[in-house]
Each structure stands twice: as structure tokens, then as C-alpha cells.
Amino acid sequence: AAVIIALILLGRLLEAKAKFSTSTAIKKLMGLQPKTVTKILADGSEEEVPIREVVVGDVLVVKPGEKIPVDGEVTEGSSFVDESMITGESLPVEKVKGQPVYAGTINEKGSFRFRADKVGGETVLANIIRMVQEAQGSKAPVQKLVDRIAGIFVPVVMGIAVITFIVWMLAGDLAFTHALLTSITVLVIACPCALGLATPTAIMVGIGKGAEHNILIKDAESLELMYRVNAIVLDKTGTITEGK
């Protein structure tokens, strides 16, 4: 009994570690958004406020080296912004009046003001985080097959364990003890824990590892089909090179 419990707990520990490493990838994405922003008040003065207080229509200031807090449109000033978080392109993009800016991207040189158009869960960054979370919970085609097999496998094993118990009860001197031990042995040996845990854990870890390296995987089915890929075509110089 102690060995069985120890093995099950070890399996749970490994699963928890896999899930934790995956959730850190989502936390890193969330960390791309600053906690406070510089807001322009009605009298023209500047005030630092928590990001949760920003509403659509607010005018915000972004200084050199700061992360852009929400999605919006430049209203005053110009700068170069590192948008690699969204595009993968390492070269900074020039931003002037009327151009869009996105939460989580980094302002590199100049200072500018912009109007908040999308805040909270509406930003591109929030949608990326949501997409990663949804992808981790999605089922791959192989998982549906595994679920069908487990649906048949479990009742069959339970039936064999009951038959084993009955057979041993009808034979042997220590009938009940042997019957109990043999039926438990059948259940432990045939336990389909790995069958049910392996696929969802692999999907969660795979999508999480991708997010850690700025690779977004749409869903579990896309991840499963990736093994067929033998060539990847890129249309941007600087995306995976040194940008020279």
C-alpha cells in the first residue's frame, strides 16, 4: 500500500512540476505589462497611476526604456519601438503621430504621448496570454483516442480484478487474503494512469516551452501535426539572424 501511494504521489509531483514550469511562461508574458503608467490629467500635469485605473480615451506618456502599458494610438511625439514581442522582428519600428502602439512592447529612444484604445483584457498581449491558456487546455486528436481506449480499458480491468478475487476466494487455504492481494495486484499493474496523464501533460509542457521562447502554438492539434513539418519559410531578415 505504501509503495502504491508513493508511486502515485511521485506521478502527481512530476505532473505538478510540469504544470508549474508552464505557468511561469504565462507569468513571464504577464510581466511584459508595467504595473504603473504616467497619465496626463485634464490640467496638463502628469500623474503616475496603477495600470488598472487606465480607461479608454486616457492620454498616457511613455518615456525612453519604458514598456508600453496598453494598446493605443500616438497623439504627440515620435520614437522607435521594439515590437519583437509580437512580430519576432528584432529591428525597432518608428512610431509617429497616428500610428498604433501595443502593450508589452518597449519604447527605445524618444518620448511620446498616446491615447489608450484597448485596456485590460482587450489588448493584443492579453489575447496572446488567453490564447496560450486556451491552447494548453485544448485536446489533441490522439487524446480523444486515448480517452476512448481508457473508457473501455478501465471497466475491463475492474472486471478482471473482480473475477480474480472470486477465483481466489474459491481456491486456497488463505482464501480471502490471497483474493484481496491478487485483485489489488491486477488493479495496480493495469492502472492506466500514464495513459490518461501523458498526453495532457505533454501538451501543457510543449505549449508552455514554446511560449517561453516566444513561439505561440495555436492549439494541441497544431502541436501534434508539427512532426510532419520538414521546412519552415521566413519572410523577414533579422527575425532569426543578427539583423545585419
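The questions and answers below concern a predicted model.

User: How many salt bridges are there in this model?
Analyst: A pair counts when a side-chain nitrogen of Lys or Arg lies within 4 Å of a carboxyl oxygen of Asp or Glu. By this rule the count is five.

User: Which residue forms a salt bridge with D58, and in which strand is that partner?
Analyst: The N to O distance in this salt bridge of D58 is 3.5 Å. D58 itself sits in the loop between β2 (46-50) and β3 (59-62), and its partner is 19 residues apart from it, so the pair links distant parts of the chain. The partner is K39, in strand β1.

User: Is D58 buried or exposed?
Analyst: Buried means under 20% relative accessible area. The relative accessibility of D58 is 11%, so D58 is buried.

User: What is the relative accessible area of K39?
Analyst: K39 is the salt-bridge partner of D58. K39 counts as partly exposed because its relative accessible area is 21%.

User: Where in the chain are E83 and K95, and how many residues apart are they?
Analyst: The side chains of E83 and K95 form a salt bridge, 2.8 Å from N to O. E83 is in the loop between β5 (79-82) and α2 (84-87), while K95 is in strand β6 (residues 93-95). This pair, too, links distant parts of the chain, and the separation is twelve residues.

User: Are E83 and K95 buried or exposed?
Analyst: The cut-off for buried is under 20% relative accessible area. E83 is at 8% relative accessibility, so E83 is buried. K95 is at 5%, so K95 is also buried.

User: Which residues join R115 in one network of salt bridges?
Analyst: R115 forms a salt bridge with D117, and their closest N and O atoms are 3.1 Å apart. R115 is partly exposed, with a relative accessible area of 30%, and D117 is partly exposed at 32%. Salt bridges with shared partners join R115 into one network with E73 and D117.

User: Which residues does V93 touch, leaving aside those up to four places away in sequence?
Analyst: V93 is in strand β6 and is partly exposed, with a relative accessible area of 33%. Its C-alpha lies 6.4 Å from that of D82, although the two residues are eleven apart in sequence. The residues touched by V93 are S79, F80, V81 and E83.

User: What does T38 touch, not counting residues up to four places away in sequence?
Analyst: T38 belongs to strand β1. T38 is buried, with a relative accessible area of 10%. Its contacts are E46, E47, E48, V59, L60 and V61.

User: What distance does helix α5 reach from its first C-alpha to its last?
Analyst: Helix α5 covers residues 175-189, which is 15 residues. At 1.5 Å a residue, 21 Å is expected, and the helix comes close to this. The distance reached is 21 Å.

User: Why are the buried residues of α5 on the same side of the helix, and which residues are they?
Analyst: An α-helix has 3.6 residues a turn, so residues three or four places apart point the same way. The buried residues of α5 cover an arc of only 95 degrees around the axis, which puts them on the same side. They are A175, A179, T182 and S183.

User: Which exposed residues are on the face of α5 turned away from its buried side?
Analyst: The cover over the buried residues of α5 includes α4 (141-169). The face turned away from the buried side carries L181 and I189.

User: What distance separates the end C-alpha atoms of α4?
Analyst: Helix α4 has 29 residues, and at 1.5 Å a residue these should span 42 Å. The distance in the model agrees with this, at 43 Å.

User: What is the C-alpha separation of I166 and S183?
Analyst: I166 is in helix α4 and is partly exposed, with a relative accessible area of 45%. S183 is one of the buried residues of α5. The two are 17 residues apart along the chain, and their C-alpha atoms are separated by 9.0 Å.

User: Which element gives the largest share of the nonpolar patch?
Analyst: The patch of about 870 Å² is made by V162, I166, M169, L170, F176, L180, I184, V188 and I189. The elements giving two or more residues are α4 and α5. The largest share is five residues, and it comes from α5.

How values were computed: Residues numbered from 1 in each chain as written. Predicted model: local features only at pLDDT ≥ 70, side-chain atom pairs only at ≥ 80, totals over all residues. Heavy atoms only, no water. Helix = DSSP H or I, 4+ residues; strand = E, 2+ residues; numbered from the N terminus. Buried < 20%, exposed > 50% of the residue type's maximum accessible area, 1.4 Å probe, protein only. Expected span 1.5 Å × (residues − 1). Arc of directions from axis to C-beta. Contact = heavy atoms within 4.5 Å. Patch = residues over 30% accessible without salt bridge, like charges linked within 9 Å, V, L, I, M, F, W, Y side chains within 5 Å. Areas by Shrake-Rupley, 256 points an atom, 1.4 Å probe, with all protein chains shown as cover.
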